[in-house]
Amino acid sequence: MLAWKNKKQIFNLEHHNLPNGCISHAQSPQAIELEDRIRIFFSSRSIDKNKKFLSHILYVDYSKDFSKIIEISKKSCLELGEVGSYYEHGIFPIHIFKNEDNIFGFITGWSRRASVSAESAIGVFRSLDDGKNFEHIFKGPIMSASKNEPFLVADPCIFKIKDEYNMFYIYGDRWIKKREDLEAERVYKIARATSHNLFDWNRDSKFIIESKLTYECQALPSVIKMKDKFVMVFCYRDVFNFRKSIKHSYKLGYAYSKDLKNWIRDDSLIKFTNNSEWDKQMQCYPQFFKLQEKIFLLYNGDNFGKKGFGIAELEGLNE
């Protein structure tokens with residue numbers, strides 16, 4: 001199993017003043033290495049005039065040993081969409097993909113609906129200044145609900161092998177209610193698509209990770225190559241009672257593959273002790289990333305990352 005060291009919270013937003021009126025959450029941390037620093041993007045929340053939250057993309061820069069914060073963004077990396085757009089009410093999450101000299105931000109844009117809480121779609125933006133600002137490539141999304149993927153297309157992670165781009169993402173297949181007087185809850189799982197240009201995607205439209213629960217929700221896949229196989233970390237939860245129950249809340253899942261198509265799930269490989277105050281009830285929204293021959297895991301803790309995010313370093317792998 002995977003052994004972890006230096007597991008700790010590294011960003012607590014209670015200690016910082018964030019732009020755009022953001023007052024809670026630092027969700028889905030995503031790291032990229034720059035020349036003299038590590039830039040970690042995250043999604044944070046503000047409150048609008050109707051007392052509804054909006055989610056914005058910000059970043060925090062760290063020294064390469066994560067010992068100190070160098071800078072925090074002074075504004076959102078990209079503005080929310082216009083009225084009626086697929087990202088009118090928020091961006092969560094963003095996946096940062098460096099391709100040669102280009103930095104792309106693959107976003108999940110979401111907007112509210114009357115009968116359910118949200119709908120989502122995947123869009124792409126480009127940055128010319130290391131992610132401080134992202135600009136439009138297309139006005140609309142590159143992937144959204146389709147005839148075989150009816151709801152909630154979201155959570156992109158791009159992995160390139162040879163000349164093929166692989167996107168691991170989620171889509172929803174239903175909204176269900178526990179009781180008729182309660183709000184509907186979403187069910188979504190991980191799927192895979194491929195492309196040769198990053199913008200036009202061929203979807204398999206099938207779930208690729210085995211479920212452990214009757215109505216399991218899977219989110220935020222993150223894929224790297226480790227030794228002779230591909231590995232994926234993600235998070236999963238039950239469809240009901242996940243906000244208040246530790247038993248039903250988000251936990252980290254793990255799967256591995258030889259070909260990126262067929263995956264074997266073994267969550268025991270990513271278990272670690274949750275004895276700290278910030279992540280003892282929930283672990284969610286992970287990212288695997290490599291830095292100077294080391295492998296790190298960024299993730300959120302309790303309350304969906306309400307107070308920040310943490311990091312753990314991979315110590316070893318027992319085959």
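Hi everyone, let me start with a hole: the largest cavity in this protein has a volume of about 40 Å³. A quick reminder that what you see here is a predicted model. How many cavities of 30 Å³ or more does the structure hold? Just one.

So who lines the largest cavity? The residues are Gln30, Pro93, Ile94, His95, Pro156, Cys157, Leu220 and Pro221. If you would like to find them on the screen, look at strand E6 (90-99), strand E10 (151-161) and strand E14 (216-226), the elements that each give two or more residues to that lining. E6 supplies the largest share, with three residues. And what about chemistry? Sorted by class, the lining has six nonpolar residues and two polar ones, with no charged residues.

Now let's zoom out to the whole protein. Its secondary structure amounts to 20 strands and one helix. The radius of gyration is 18 Å, close to the 20 Å that the globule rule gives for 319 residues, so the protein is as compact as a globular protein of that length. In terms of dimensions, the C-alpha trace spans about 50 × 45 × 40 Å along its principal axes.

What share of the 319 residues is buried? That comes to 57%. Contacts across the sequence are next: taking those between residues at least 6 apart in sequence, 54% join residues at least 24 apart.

Last, the outside. The protein exposes about 14900 Å², and carbon and sulfur atoms supply 46% of that area.

That's my tour, from the cavity out to the surface. Thanks for listening!

Conventions:
Residues numbered from 1 in each chain as written. Predicted model: local features only at pLDDT ≥ 70, side-chain atom pairs only at ≥ 80, totals over all residues. Heavy atoms only, no water. 1 Å grid on protein atoms, 1.4 Å probe; cavity = no way out; pocket = protein on both sides within 12 Å on 5 of 7 lines; lining within 4 Å. Points joined across faces, edges and corners; volume = space filled by probe spheres on them. Helix = DSSP H or I, 4+ residues; strand = E, 2+ residues; numbered from the N terminus. Nonpolar A, V, L, I, M, F, W, Y, C, P; charged D, E, K, R; others polar. Rg over C-alpha atoms; globule rule 2.2 N^0.38 Å. Buried < 20%, exposed > 50% of the residue type's maximum accessible area, 1.4 Å probe, protein only. Contact = heavy atoms within 4.5 Å. Areas by Shrake-Rupley, 256 points an atom, 1.4 Å probe, with all protein chains shown as cover.
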